[in-house]
Amino acid sequence: MDKKLKSTIRKWSILLLLMAYVIVAASWAMGKARERRCTGIQVDIEKNSPFTSALSGESVKAELGKLGAAPGRYTLSSINTDSLEKVLSRVNNFERVQCFINSAGKLEISVTPMIPVARIFTPKGESYYINREGKHIDALCQFYADVPVVYGNFTARRPATLVLPVVNRVASDSVLKSLVTMIDFNSPRNICIIPRIRGHVVNLGDTTRLDEKFSNLLLFYRKVMPYCGWETYDTISVKYRGQVVATRRDKTPRRHAPELEEQEDVEEQALQLGDITSTGEVETEPVQETP
């Protein structure tokens, strides 16, 4: 056997021995890691929510039950971080949860407290906050969030998330946010807003075409209401495409003298949104007025 062949065999033998050593060492290390016990729990609470002050590390650990009370009794292999995230994510106070084991053998839990998007009031006198997923937490005196207010009777079949498109649209616009004091959810197709301008409500209908509806409403406020009076109407409906329907506060039938019947009503001119829209902001049909 020549020297070159012997050298090749020696190299391969050393390589195989090294591979066997790595496999055995890795198996031993994995076995030891499975037997290693949890050295503690570290809780990090993010501070980007108005409910941060209502949470503490101890309250989060309490949600873990026996694991939170005595983590040293558990081996790292017995702690399923994915399952823990799913369990903790169901807690109403938590918006997001992340769990992992660090190099020191500690269970780290990162919690984002619930981020409210609306405060709900019900006919039963209940009050609670909801987030974007519909989680709710009772409105307590310990915390307060400046979010749109919604009044409605919500159920499992008619959840509060149905009104979120209107809530998000109001919250995203500084003008609407300052204009709207409350959203009244009567049904999915009959959603009203209560503006700061007292004396009337605005019927949006459903949650479709919200940009168009709010644009028509603001146009109506700028072009019509200053001329006909802010207390002339008790309901302004923008639910229909291309038109605004205003209902008079005074339900007394309007009567005109015979000689004036063919003359154009000055107030009717003010209600022609299509005529007064010279900027091209919104093209609409004439406003309908109902007694």
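Contact here means heavy atoms within 4.5 Å. With that in hand, welcome to a quick tour of this predicted model. The protein has 10 helices and 13 strands, and 37% of its 291 residues are buried. One residue to keep in view is Ile183, which, leaving aside its neighbours within four places in sequence, is in contact with Val149, Val150, Tyr151, Val163, Val166, Val167, Ile191, Cys192 and Ile193.

**Overall picture**

- Taking contacts between residues at least 6 apart in sequence, 54% join residues at least 24 apart.
- The protein's accessible surface comes to about 17600 Å², and carbon and sulfur atoms account for 53% of that area.
- If you are setting up bonds, note that the structure holds 0 disulfides.
- As a reminder, a disulfide is a covalent bond between the sulfur atoms of two cysteines.
- Two cysteines to look up are Cys99, buried at a relative accessible area of 7%, and Cys192, which is buried as well, at 9%.

**Nonpolar cores**

- The largest nonpolar core has 35 residues, and Val150 and Ile183 touch the most other members.
- Helix α7 supplies the largest share of this core, with 5 residues.
- Another core lies apart from it and holds 19 residues, among them Val60, Leu64, Phe94 and Val97.

**Helix α7 and the loop before it**

- Helix α7 covers residues 210–223, 14 residues in total.
- From its first C-alpha to its last, α7 reaches 20 Å, close to the 20 Å expected at 1.5 Å a residue.
- The buried residues of α7 are Leu210, Lys213, Phe214, Asn216, Leu217, Leu219, Phe220 and Tyr221.
- Arg209 sits in the loop between β10 and α7.
- The backbone of Arg209 deserves a look: its phi is positive, about 50°, although Arg209 is not a glycine.
- Is Arg209 buried or partly exposed? Buried means under 20% relative accessible area, so Arg209, at 23%, counts as partly exposed.

**Strand β4 and its partners**

- In a regular strand the side chains alternate between the two faces of the sheet.
- Strand β4 (residues 118–121) shows such alternation: Ala118 and Ile120 point to one face and are buried, while Arg119 and Phe121 point to the other and are not.
- β4 runs antiparallel to strand β5 (residues 127–130), and 4 bridges join them.
- Within that pair, Phe121 stands opposite Ser127 in β5.
- β4 and β5 form a hairpin with 5 residues between them, and Gly125 in the turn has a positive phi of about 90°.
- β4 also runs parallel to strand β7 (residues 149–152), joined by 3 bridges.
- Arg119 has Val149 as its bridge partner in β7, and Val149 is also among the contacts of Ile183.

**Strand β11 and its partners**

- Strand β11 (residues 233–237) pairs with strand β10 (residues 201–205) in the parallel sense over 3 bridges.
- To find this pairing in the viewer, start from Val202, whose bridge partner in β11 is Ile236.
- β11 also pairs with strand β12 (residues 245–248), here in the antiparallel sense over 4 bridges.
- For this second pairing, look at Thr235, whose bridge partner in β12 is Thr247.

Technical notes: Residues numbered from 1 in each chain as written. Predicted model: local features only at pLDDT ≥ 70, side-chain atom pairs only at ≥ 80, totals over all residues. Heavy atoms only, no water. Helix = DSSP H or I, 4+ residues; strand = E, 2+ residues; numbered from the N terminus. Buried < 20%, exposed > 50% of the residue type's maximum accessible area, 1.4 Å probe, protein only. Areas by Shrake-Rupley, 256 points an atom, 1.4 Å probe, with all protein chains shown as cover. Disulfide = S-S within 2.5 Å. Expected span 1.5 Å × (residues − 1). Core = buried A, V, L, I, M, F, W, Y, C linked by side-chain atoms within 4.5 Å. Pairing = 2+ DSSP bridges.
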